[in-house]
Amino acid sequence: DCHMPEVERPLVQGGKVRKVRAHTWYGGHSMRMLKRASAIDVEVEALPDGGHRFRVFVTNRGAGHSIPTDARHRSFDTYILLRDAKGKVILDPTDPQQQERAHLAKFRKFYRGSGKKDTQIPPLARVSTLGEGTGFLDVPEALEGTGEAWLVYRLTPRDVLNKGSLMDGNMDDIDRLWRARVVHRVEFTYGP
């Protein structure tokens with residue numbers, strides 16, 4: 001039902017049209033499939049010093065298996081973008097200088113022999129981290145503003161997160177090669 005949807009077509013050219021399964025095997029190359037399999041939400045907690053903790057959760061809501069799956073080089077990553085009360089971006093995941101701080105967690109099946117524990121998200125699980133990253137960001141300053149939590153998908157470890165990652169479009173477009181894809185963006189507010 002998921003990877004081979006039912007379609008109506010002839011089995012052979014000129015044959016009778018009937019209900020059969022498509023053999024396209026939708027999965028990690030289909031943005032529609034990625035969106036259907038996952039969801040994100042963010043919790044904002046006030047810290048005692050007046051700052052905030054931003055925790056991003058990923059839910060495997062639509063796959064009957066762990067996500068991401070298939071190839072060991074694919075990953076889901078969570079990031080956070082923050083704006084101050086005037087709308088100025090103060091933490092930008094697409095800025096190479098800020099990307100590491102904005103990166104909260106990585107979910108993937110690691111290569112054999114890496115010594116790393118797989119962090120794929122089991123079916124129906126809601127997690128902020130499974131060992132790769134903290135799953136949250138603490139900002140000690142007493143700020144207020146808005147933000148976005150992002151779920152980013154990489155087909156390969158070389159896929160770069162940049163402004164182009166925010167564009168919608170067909171994942172098969174040649175200009176999208178080597179670019180991470182933002183699957184979900186959830187907006188939130190924070191402050192006193």
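**Overall architecture, nonpolar core and two buried strand residues**

Thr 59 counts as buried because its relative accessibility is 18%, which lies under the 20% limit applied to that class. This residue is placed in strand β4. Leaving out residues up to four places away in sequence, Thr 59 touches Ala 37, Ser 38, Ala 39, Asp 41, Ala 125 and Arg 126. These values, like those that follow, derive from a predicted model.

The chain comprises two helices and eleven strands, arranged along the sequence in the order β-β-α-β-β-β-β-α-β-β-β-β-β. Along the principal axes, its C-alpha atoms fill a box of roughly 70 × 40 × 30 Å. Of the 192 residues, 43% are buried. Among contacts with a separation of 6 or more, 62% are accounted for by residues 24 or more positions apart. The accessible surface amounts to about 10,800 Å², and carbon and sulfur atoms contribute 52% of this area. The chain carries 31 positive and 25 negative charges, and the mean positions of the two sets are 8 Å apart.

In soluble globular proteins, nonpolar side chains tend to be buried together. In the present model, the largest nonpolar core contains 37 residues, of which Phe 76, Ile 80 and Leu 82 touch the most other members. At least two residues of this core are supplied by each of α1 (31–37), β3 (38–46), β4 (52–60), β5 (75–84), β7 (103–108), β9 (136–139), β10 (145–154) and β11 (181–190). The surroundings of Leu 82 were examined further. With residues up to four places away in sequence excluded, Leu 82 touches Phe 54, Lys 88, Val 89, Ile 90, Leu 91, Leu 137, Val 139, Thr 146, Gly 147, Phe 188 and Tyr 190.

A charged residue was also examined. Glu 148 is found in strand β10 and has a relative accessible area of 4%; Glu 148 is therefore classed as buried, the limit being under 20%. Its side chain makes a polar contact with the side chain of Arg 83 at 2.8 Å and another with the side chain of Arg 185 at 3.2 Å. Both arginines appear among the residues in contact with Glu 148 once neighbours within four places in sequence are set aside; the full list is Tyr 79, Ile 80, Leu 81, Arg 83, Arg 185, Val 186, Glu 187 and Phe 188. Of these, Ile 80 is one of the core residues that touch the most other members, and Phe 188 is also touched by Leu 82.

Conventions:
Residues numbered from 1 in each chain as written. Predicted model: local features only at pLDDT ≥ 70, side-chain atom pairs only at ≥ 80, totals over all residues. Heavy atoms only, no water. Core = buried A, V, L, I, M, F, W, Y, C linked by side-chain atoms within 4.5 Å. Buried < 20%, exposed > 50% of the residue type's maximum accessible area, 1.4 Å probe, protein only. Helix = DSSP H or I, 4+ residues; strand = E, 2+ residues; numbered from the N terminus. Contact = heavy atoms within 4.5 Å. Areas by Shrake-Rupley, 256 points an atom, 1.4 Å probe, with all protein chains shown as cover. Lys, Arg positive; Asp, Glu negative; His and termini not counted. Charge placed at Lys NZ, Arg CZ, Asp CG, Glu CD. Polar contact = N/O pair within 3.5 Å; in protein donor to acceptor, adjacent residues only side chain to side chain.
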